[in-house]
Amino acid sequence: MATDLRLKETLPEITEALVATYTECGRTSHLGHKPLPSREAVVEILVDLLEILYPGYGRRQNLHIGNVEYHVGDLIDGLHDKLTQQIARALRHECVPDGGADDQEAVAQEKTVALLQCLPDLRRLLDLDVQAALEGDPVAKGYHEIICCYPGLEAVTVYRLAHELLGLGVPLIPRMMTEYAHEKTGIDIHPGARIGPGFFIDHGTGVVIGETCAIGANVKLYQGVTLGALSFPRDATGKIIRGKKRHPTLEDDVVVYANATILGGDTTIGHHSVIGSNVWLTHGVAPFTVVSLEKPSLRIKGPQTEDLAPTYQI
Amino acid sequence: MATDLRLKETLPEITEALVATYTECGRTSHLGHKPLPSREAVVEILVDLLEILYPGYGRRQNLHIGNVEYHVGDLIDGLHDKLTQQIARALRHECVPDGGADDQEAVAQEKTVALLQCLPDLRRLLDLDVQAALEGDPVAKGYHEIICCYPGLEAVTVYRLAHELLGLGVPLIPRMMTEYAHEKTGIDIHPGARIGPGFFIDHGTGVVIGETCAIGANVKLYQGVTLGALSFPRDATGKIIRGKKRHPTLEDDVVVYANATILGGDTTIGHHSVIGSNVWLTHGVAPFTVVSLEKPSLRIKGPQTEDLAPTYQI
Amino acid sequence: MATDLRLKETLPEITEALVATYTECGRTSHLGHKPLPSREAVVEILVDLLEILYPGYGRRQNLHIGNVEYHVGDLIDGLHDKLTQQIARALRHECVPDGGADDQEAVAQEKTVALLQCLPDLRRLLDLDVQAALEGDPVAKGYHEIICCYPGLEAVTVYRLAHELLGLGVPLIPRMMTEYAHEKTGIDIHPGARIGPGFFIDHGTGVVIGETCAIGANVKLYQGVTLGALSFPRDATGKIIRGKKRHPTLEDDVVVYANATILGGDTTIGHHSVIGSNVWLTHGVAPFTVVSLEKPSLRIKGPQTEDLAPTYQI
């Protein structure tokens, strides 16, 4: 390269100026001896967990009843170490006041084993999600297609893992997990949400499910559905009050079609209700209710005789 | 690590409980000697195909008319083997009743060669898609920017490949391909949709194009557009009737703006029509029609004198 | 493999037909000795830049005040070379008429150093974005969660880098950068947009911010918000007029809720205004205005006594 050496001489200066900002703007730098959980390690853990939850669908093929125990046993053993290490980092970072590094490690190990112990039950729950997908989507050709190709199932699987970890009191990692699923699928489910069995999200891009949502059994959502908050309650000094229920409740057997928005912690959608596409709803409805957009809200002009594109206002 | 060995002793127990669920919930495990197509292999195949379809834009650079034949010939040769192997897996998995493993391999090879043979024509078709993008987007600085940076072109390219494979009777792999594109771009095009030349999707996140859509020539879609189904037709026993046309028809030169939703198998949007942003449409319109939202459906309050955030209901 | 050799004999023929299309459809092939910037290299550069901007949050952990200078200095030195090389490719490709290859290299180096020099100020700006996220989202548990898990911050960070490069006159690479962020986050910010400090996008999937947007300080957007163009102005011959302001202006302290669409270059949303969820707006509003959907535009039927799903029209 024909580099100008005088220009290159400025590099140490730039480095110095940057390092100065690491103390000046300390909150965007993480210096010190308490490393955060590693995003790469968390993703690796998730991939291993998916391999265990859906054996034969992932990396390792030609699994059969004679060899699957070795494969899964090996994965479980490895996950024990990886998860313990990352959970310990998350706990140490949260600075739980009592106890030293070794105690955090011991607590992390307990939480890890607790997560691994719930995997068999989790598989039974996911079985119902797969069933719900097959019943809910006429395009699905079978279980294999759903497990191989449906982003909704992947997002729900990751959410259910993250929700367990959150319940075990693990900080930070649950959100890292659901954000990994969000990145892959466009489906953003907060690990704190409570979601019943037989849950199915079709297509899924743009779905947002807030932290305090409560969703019953056999609920179906389509792409772009937001289950969100109304404006946040604030105290007398204007600060947001944290921890209140801010997101809607969907009872059993509710269907919400594409791009509908349902908002508010007091909004309860009664069981067997159907919320139509593009609906914007900030209050609850009784069971067996159908909500849709009024048709007259469209303006239809035509046939137009001239070329439309140059003059039409989108 | 300061692990508690008593805790670690539970790992074989967890493994055993998991393995028990592999037969109990058999549909979420894939054990046996018929491996599914590998997602990693399918993605590798797609990357090779894109390298052939847009030479010089991908991994390998400094291609020129003197060396490109070697590069492409090598890729074609490798693709022949990789595709044959994965298609054979998909066929075997579908358990086509007659014929043994070798027959499936031979059928897979035929389908592979048929796909490779249509690549030159596919390039001619994609050329029109690139042209449509340049004409449709005033921001585009040239062909290079469209091929390097436009997710819509990537999604359409993958769809056109998947659609060919589906037409050749290859199971599972077409959907794996379009889901790869969906993951990367947020654009979900079912491989079964029929889409004419000169198709352009701008921005694209959240677009869903259903299995039985029919889209004419020179159609343009923006982000968040759903071309979806009304409720699925069911038979007397309540089961979904599969195979019917459930998604809309868009004739030539139709434009659909951001986040519009068009639903139903009998919904035909006449040629040269324009469907405005956020419109929700469940019936067809004549050619040269403009559909937009009525303006009076907004409530506008203000100027407000107090601070809005704490009291405003979103 | 049990391949049929006669079928394999067609591969050279396929290769030849493909190579013929490389000259026939020349715009979708990039042959010659002016390689484009490499997408992989640009992504690697971005990852290095993020490592510098948020030290301790990325790949390298256990950074502390005693070693961070070495780590960052090494990254800056490597970035100098990588960026110079890729910018030189972009400049050469644009065929700036005067000057040979060496001159382009020198110009590229100058632009590279200019970008690196603005990194400390960029960190100060990003510090305000992180602050805005914490204030704007009651779910956020702290800075660490925002930097580790919030896709909105990643998209805004990449946009701010790309915007700087665009201001330095670097072609193609800025758009490659924002498309990388778009792919990861579903947030599509054109590098040409102008965005003030304290910008926060929550959830983010489906957000589109057009090239000529002007956004003030402390603006907050939710998922699915489009800041787009009305139909493009065309000249007498029907060609799109490029370069005009086509996208809206949002003044300071504006909030736009999920899936709202704001269109048009003359559309100015006055400061402290709130645009509600799912609103579609093509004209400006005064400061302190609240815009929301009218409630009566919904049709609510129920309770229904029969099973809804088979008969309901979505």
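How many residue pairs are in polar contact across the interface of chain C and chain B? The rule finds 23 such pairs, both residues at pLDDT 80 or more; a polar contact is a pair of N or O atoms within 3.5 Å, where within protein one must be able to donate a hydrogen and the other to accept it, and residues adjacent in sequence count only if both atoms are side-chain atoms.

1. Basis. This is a predicted model, in which local features need pLDDT of at least 70 and side-chain atom pairs pLDDT 80 or more, while totals for chains, interfaces and linings use all residues. Residues are numbered from 1 along each chain as its sequence is written, chains are lettered from A and ligands numbered from 1 in the order in which they are written, and side-chain values use heavy atoms, with hydrogens and water left out.

2. Interface of chains C and B. Contact (heavy atoms within 4.5 Å) links 80 residues of chain C with 83 residues of chain B. The buried area, the accessible area (1.4 Å probe) lost on putting the two parts together and summed over both, is about 7,500 Å², and carbon and sulfur atoms give 60% of it.

3. Salt bridges. The same interface holds 7 salt bridges, defined by a side-chain nitrogen of Lys or Arg within 4 Å of a carboxyl oxygen of Asp or Glu. One of them joins Lys8(C) to Asp77(B), with the closest N and O atoms 3.5 Å apart.

4. Symmetry. Chain C is laid on chain B by a turn of 120° and a shift of 0.0 Å along the axis, with an RMSD of 0.0 Å (least squares on C-alpha atoms of residues with pLDDT of at least 70 in both). That is the relation of a three-fold axis. Gly206(C) is the residue of chain C closest to the rotation axis, its C-alpha lying at 3.6 Å. The copies use different surfaces, since 15% of the contact residues of chain C recur in chain B.

5. Open sheet of chain A. Five strands (DSSP E runs of at least two residues, numbered from the N terminus) form an open sheet in the order S1-S4-S7-S10-S13, with parallel pairing; pairing requires at least two DSSP bridges. Strands S1 (188-189) and S13 (280-281) are the edges. Within the sheet, S4(A) and S7(A) are joined by 2 bridges, and Val208(A) stands opposite Thr226(A).

6. Strand S14 of chain A. S12(A) and S14(A) pair in parallel over 2 bridges, with Val290(A) as the bridge partner of Val274(A). Val290(A) and Ser292(A) on one side of S14(A), and Val291(A) and Leu293(A) on the other, are all buried (under 20% relative accessible area, 1.4 Å probe, protein chains only).

Terms used:
Buried means under 20% relative accessible area, exposed over 50%, partly exposed in between (1.4 Å probe, protein chains only). Helices (H or I, at least four residues) and strands (E, at least two) are DSSP runs, numbered from the N terminus.
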